[in-house]
Amino acid sequence: DSMLLHEALKYPNLELVLGLELDQTVTRKCFKHFKTRPHFDDERVEWWFGDATKSLLLLPQEYWGSFDLVLVDLSETVTSFSVTKELDVFDALSLLMKPEGVLVKNEHYMEKMSSLFDYSLELFYDSPVICSQVLIFGS
């Protein structure tokens with residue numbers, strides 16, 4: 001969402017942030033309620049709106065295997081949707097990474113992460129404001 005985008009854009013060497021959202025509702029609500037901009041005017045930011053199972057197939061060829069970091073904030077249901085007969089959304093997202101890249105997913109997903117990557121880590125932290133959270137890292 002735009003809150004994460006705001007933090008990512010603080011890095012001056014950042015080349016590209018690719019945002020995939022079902023529609024503009026999330027980005028617009030972040031702007032309305034949290035005052036975070038979607039940075040539509042920043043040439044380093046590229047938004048793709050639509051069904052991820054279709055949008056992923058439309059990404060330029062040069063994007064595949066080019067990202068240092070892939071952050072995934074999808075429900076368990078969406079990550080299991082098929083992009084192709086061989087790949088679900090999660091598998092396809094992992095293909096965006098460079099060989100030394102890192103993929104980060106919120107919520108418990110250790111089994112899937114362990115099956116895709118040589119290295120995986122589950123980080124659990126307690127957030128007193130909202131709830132307990134888990135981040136899974138894979139590389």
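Here are some notes on this predicted model, going from the whole chain down to single residues.

1. Start with the parts list. The protein chain has six helices and six strands. Walking along the sequence, you meet them in the order α-β-α-β-α-β-α-α-β-α-β-β. The radius of gyration is 15 Å, and the globule rule gives 14 Å for 139 residues, so this chain is as compact as a globular protein of that length.

2. Now for the outside dimensions. Along the principal axes, the C-alpha atoms fill a box of roughly 40 × 40 × 30 Å. The protein chain exposes about 9100 Å², and 57% of that comes from carbon and sulfur atoms. As for the inside, 35% of the 139 residues are buried.

3. What about contacts along the chain? Take the contacts with a separation of 6 or more: 60% of them join residues 24 or more positions apart. Sequence distance and distance in space are worth checking separately, though. K32 and S55, for example, are 23 residues apart in sequence and 26 Å apart in space, C-alpha to C-alpha.

4. Next, have a look at strands 1 and 2. Strand 1 covers residues 17-21 and strand 2 covers residues 45-49, and the two pair in the parallel sense over five bridges. You can pick out facing residues by eye: V17 sits opposite V45 of strand 2, and L20 has W48 of strand 2 as its bridge partner.

5. How does the chain get from strand 1 to strand 2? The route goes through helix 2 (residues 25-34), and this β-α-β crossover is right-handed. Try tracing that path on the model. Strand 1 itself has four of its five residues buried, so it is largely enclosed by the rest of the structure.

6. Two residues between those strands make a nice contrast. K32 belongs to helix 2, and at 56% relative accessibility it counts as exposed, because the cut-off for that is over 50%. H39 is in the loop between helix 2 and strand 2. With a relative accessible area of 11%, H39 counts as buried, because it falls under the 20% limit. Leaving aside residues up to four places away in sequence, H39 touches L5, L9 and V45.

7. On to the largest nonpolar core, which has 21 residues. The members that touch the most others are L56, L59, V70, L93, L96 and L103. Two or more residues each come from strand 3 (67-72), helix 5 (89-94), strand 4 (97-106) and strand 6 (132-138). Which element gives the largest share? Helix 5 does, with four residues.

8. L93 is a good residue to click on. Not counting residues up to four places away in sequence, L93 touches L20, L56, V70, V72, L74 and L103. Apart from the largest core lies another one, made of five residues, including L5, L9, V17 and W47. You have already met L5 and L9 as contacts of H39, and V17 as the residue opposite V45.

Key:
Residues are numbered from 1 along each chain as its sequence is written. This is a predicted model: local features need pLDDT of at least 70, side-chain atom pairs count only at pLDDT 80 or more; totals for chains, interfaces and linings use all residues. Side-chain values use heavy atoms; hydrogens and water are left out. A nonpolar core is a set of buried Ala, Val, Leu, Ile, Met, Phe, Trp, Tyr and Cys residues joined through side-chain atoms within 4.5 Å. Buried means under 20% relative accessible area, exposed over 50%, partly exposed in between (1.4 Å probe, protein chains only). Contact means heavy atoms within 4.5 Å. Two strands pair if DSSP finds at least two bridges between them. A crossover is right-handed if, with the strands pointing away from the viewer, the path from the first strand over the helix to the second runs clockwise. The radius of gyration is taken over C-alpha atoms; the globule rule is 2.2 Å times the number of residues to the power 0.38. Accessible areas come from the Shrake-Rupley method with a 1.4 Å probe; for residues, only the protein chains shown count as cover.
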